[in-house]
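Please look through the sequence and the fold shown below before reading on. The paragraphs that follow go from a loop to the helices around it, and then to a group of aromatic rings.

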Amino acid sequence: MAFIDFVKKNKWCITLVAIGVITVLLIFTINFWRTLLIGVVVALCIFFGRMLDKNGKEGVKGFFDALFKKRQ
């Protein structure tokens, strides 16, 4: 039970350390720029996924309409 309590108490620390270790391993094995590209693609996927979950296709359409609206 002590280990489970430790994990519950420190879940964010453990999660972020794991993400840090994985990031360092990726940087050392596949190069910094490829790792950065993976991070950007994952961040975009999370952004659009949350937008789709929240507002559906209309939310994504509204985002791009606002981003590329014509200026006069």
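At 42% relative accessibility, asparagine 31 counts as partly exposed, because that class covers whatever lies between buried (under 20% relative accessible area) and exposed (over 50%), with a 1.4 Å probe and protein chains only. Asparagine 31 sits in the loop between α2 and α3, where helices (H or I, at least four residues) and strands (E, at least two) are DSSP runs numbered from the N terminus. Although asparagine 31 is not a glycine, it has a positive phi of about 100 degrees. The model is a predicted one, in which local features need pLDDT of at least 70 and side-chain atom pairs count only at pLDDT 80 or more, whereas totals for chains, interfaces and linings use all residues. Residues are numbered from 1 along each chain as its sequence is written, and side-chain values use heavy atoms, with hydrogens and water left out.

On either side of this loop, helix α2 (residues 11-30) and α3 pack at an angle of about 135 degrees with their axes 7 Å apart, the axes being lines fitted to C-alpha atoms, for helices over the stretch in contact, and the angles running from 0 to 180 degrees between N-to-C directions. The two helices α2 and α3 are therefore oblique to each other, since angles under 35 degrees count as roughly parallel, over 145 as roughly antiparallel, 65 to 115 as roughly perpendicular and the rest as oblique. In their contact (heavy atoms within 4.5 Å), Thr23, Leu26, Ile27 and Ile30 of α2 meet Phe32, Arg34, Thr35 and Ile38 of α3. The residues of this contact divide into five nonpolar, two polar and one charged, where Ala, Val, Leu, Ile, Met, Phe, Trp, Tyr, Cys and Pro count as nonpolar, Asp, Glu, Lys and Arg as charged, and the others, Gly among them, as polar.

What span should the 24 residues of α3 have at 1.5 Å a residue? The expected span is 1.5 Å times one less than the number of residues, so α3 should span 34 Å, and its end C-alpha atoms are indeed 34 Å apart. Just after α3, glycine 56 takes a positive phi of about 75 degrees.

Beyond that glycine, the axes of α3 and α4 come within 6 Å and cross at roughly 125 degrees, and α3 and α4 are therefore oblique to each other. Here Phe47, Phe48, Met51, Leu52 and Asn55 in α3 meet Lys57, Glu58, Gly59, Val60, Phe63 and Phe64 in α4, a contact with seven nonpolar, two polar and two charged residues.

Aromatic rings also join these two helices. Rings of Phe, Tyr and Trp (its six-membered ring) pair if their centres lie within 6.5 Å, with planes under 30 degrees apart counted as stacked, over 60 as edge-to-face and the rest as tilted; by this rule there are seven aromatic pairs. The rings of phenylalanine 48 and phenylalanine 63 have centres 5.8 Å apart and planes at 75 degrees, so this pair is edge-to-face. It links phenylalanine 48 in helix α3 (residues 32-55) with phenylalanine 63 in helix α4 (residues 57-67), 15 residues apart. Phenylalanine 48 and phenylalanine 64, by contrast, form a stacked pair, 5.7 Å centre to centre and with 15 degrees between the planes. At 23% relative accessibility phenylalanine 48 counts as partly exposed, and phenylalanine 64, at 34%, is likewise partly exposed. Phe47, Phe48, Phe63, Phe64 and Phe68 form one aromatic cluster.
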